[in-house]
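Me: Let's go through this one question by question. I'll ask, you answer.

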Amino acid sequence: MSLKKVSVECRGVGLSYGKTEVLRDVSILVEPGEFFALLGPSGSGKSTLLRLIAGFNVANRGQVLIDGKDVSGIPAHLRNVGMVFQNYALWPHMSVYDNVAFGLVERRLPKDEIRARTTAALERVGLAQFGQRRPGQLSGGQQQRVAVARTIVIEPQVLLLDEPLSNLDKKLRVTMREELRSLQRDLGITTLFVTHDQEEAMTTADRMAVLDHGIVQQVGSPVGMYDYPENPFVAGFVGTANTLPGRIAEAGADTLTVEVDGIGPIRIAAQPGLQAAGAVQLTFRPHTVHLDADGVGESAAYLWMDGEVAASEFLGEFVRYRIRARGHELSVDRPHFSGGEPRAVGAAVRVGIDPSQLRCLRA
Ligand code: ADP
């Protein structure tokens, strides 16, 4: 299958149900061939946006463009967009083969072509042997593959996946997300993928948009978003974040000094767009914090404080501690190796914060 790769764009899209604004001024541009995740908590408007691109919802404002052309007035079945639904929406009384062939039969294609394309789609998802079964006789992962085959068989220009992995158990989710990713790479088809699971988005997406309350909070690559969140919501939703509230004491050309409650001034590299006034927070990841000079010595480059273990969670690869220090409670992850004992609750520790890992955000 060779397809023209197309872009998908939303420009200033707004959508309300009655008085409830579900999408507010949403603008995103998905590049041709990209695997793009729409990530956000439940109710943030992800599915509504996906259904709008599919043509099942109508916007109150703004435009949807596919391959640069406004498709706002074009009905779903003429958009050349394929959607895989969360519950797969397979017909239980039809065989797997007939489920996959359905879209081609509906389009009244020649019998030979239907057979060739259906067989090819089933082979592509590894289900060539299962054509005569009913969906109910397949595992959850196999049903999902049928749903994908049924969608790609019509050779859409855009593939939309609505929480495609949420009905699968954790292990299968990991396998299936790798499968989906590799299928998408093979096909090179522009794909939008809705998920509330940040790990799923980070592991699969080329880029992603984080939504909250119908507003795009940030668009970027998984690494870019994790390392450089632009606001506290993104910092907390994409990964785990520690926050130290304070205010900007001095915004110099090269350095930014933040007066942190209970700790005092912390100096980090200058960040554009932050003026000297107003409440801010310093944000950093649990694994960037050192405990008791482990491996780094009490490097002068770090800010060291006395603290106490308030709680700990053993997670196998690492231990996540809650450490109380100077009126703050911090999450600190330390790798675990066999023979090592997690520090006890109540133990006195030294905590070392690495200023190069701090991000200053408007509170
Ligand atoms: P998400 O996919 O992020 O979980 P949705 O797009 O499904 O979020 O829903 C966003 C908001 O819109 C929710 O508050 C939901 O209750 C509301 N909503 C979705 N569909 C409808 C509808 N058909 N009528 C009224 N409200 C709706």
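Me: How far is an oxygen atom of the ligand from a polar backbone atom of Gly45?
Reply: First, a caveat: this is a predicted model, so local features need pLDDT of at least 70 and side-chain atom pairs count only at pLDDT 80 or more, while totals for chains, interfaces and linings use all residues. Residues are numbered from 1 along each chain as its sequence is written, and side-chain values use heavy atoms, with hydrogens and water left out. A polar contact here is a pair of N or O atoms within 3.5 Å; within protein, one must be able to donate a hydrogen and the other to accept it, and residues adjacent in sequence count only if both atoms are side-chain atoms. For Gly45, the backbone polar atom and the ligand oxygen are separated by 3.0 Å.

Me: And how much of the ligand does the protein bury?
Reply: Areas come from the Shrake-Rupley method with a 1.4 Å probe, and for residues only the protein chains shown count as cover. On its own the ligand exposes 570 Å², and the part of that buried by the protein is 55%.

Me: Which residue puts a polar side-chain atom 2.8 Å from a ligand oxygen?
Reply: Gly43 has a contact too, but through its backbone, at 2.7 Å from an oxygen of the ligand. The side-chain contact at 2.8 Å belongs to Ser47.

Me: Which helix gives the largest share of the shell around the ligand?
Reply: The surrounding residues, counted if a heavy atom lies within 4 Å, include Tyr17, Val22, Pro41, Lys46 and Thr48. Helices (H or I, at least four residues) and strands (E, at least two) are DSSP runs, numbered from the N terminus. With three residues, spanning element 46-54, the top contributor is helix H1.

Me: How many of the nine residues of H1 are buried?
Reply: Buried is under 20% relative accessible area, exposed is over 50%, and partly exposed is in between, using a 1.4 Å probe and protein chains only. Among the buried ones are Lys46, Thr48, Leu50 and Ile53. Just past the helix, Gly55 has a positive phi of about 100 degrees. Within H1 itself, the buried count is seven.

Me: Is Gly40 buried or exposed?
Reply: Gly40 is in the loop from strand S3 (35-39) to H1. Contact means heavy atoms within 4.5 Å, and beyond four places in sequence Gly40 has Lys46, Thr195, His196, Leu211 and Phe237 in contact. Gln217, 177 residues away in sequence, has its C-alpha 9.5 Å from that of Gly40. Because its relative accessibility is 0%, Gly40 counts as buried.

Me: Whose backbone oxygen does the side chain of Thr118 reach?
Reply: Thr118 belongs to helix H3 (residues 111-124) and is buried because its relative accessibility is 0%. Leaving out residues up to four places away, Thr118 touches Tyr97, Val100, Ala101, Leu104 and Val153. At 2.7 Å, the backbone oxygen reached by the Thr118 side chain is that of Ile114.

Me: Which side chain makes a polar contact of 3.1 Å with the side chain of Gln184?
Reply: Gln184 is in helix H5 (residues 170-187) and counts as buried because its relative accessible area is 3%. Beyond four places in sequence, Gln184 contacts Gly33, Glu34, Phe35, Ile189 and Thr191. The 3.1 Å partner is Arg181.

Me: What is the relative accessibility of Glu155?
Reply: Glu155 is no glycine, yet its phi is positive, about 55 degrees. It is placed in the loop from helix H4 (140-152) to strand S7 (158-162). Glu155 counts as partly exposed because its relative accessibility is 28%.

Me: Then there's His213: buried or exposed?
Reply: His213 also isn't a glycine and has a positive phi, about 50 degrees. The loop holding His213 runs between strand S9 (207-212) and strand S10 (215-220). Because its relative accessible area is 54%, His213 is exposed.

Me: Zooming out, what percentage of the residues of the protein chain count as buried?
Reply: The chain has eight helices and 20 strands, and its C-alpha atoms fill a box of roughly 75 × 50 × 35 Å along the principal axes. Among contacts with a separation of 6 or more, 65% join residues 24 or more positions apart. Of the 363 residues, the buried portion is 47%.
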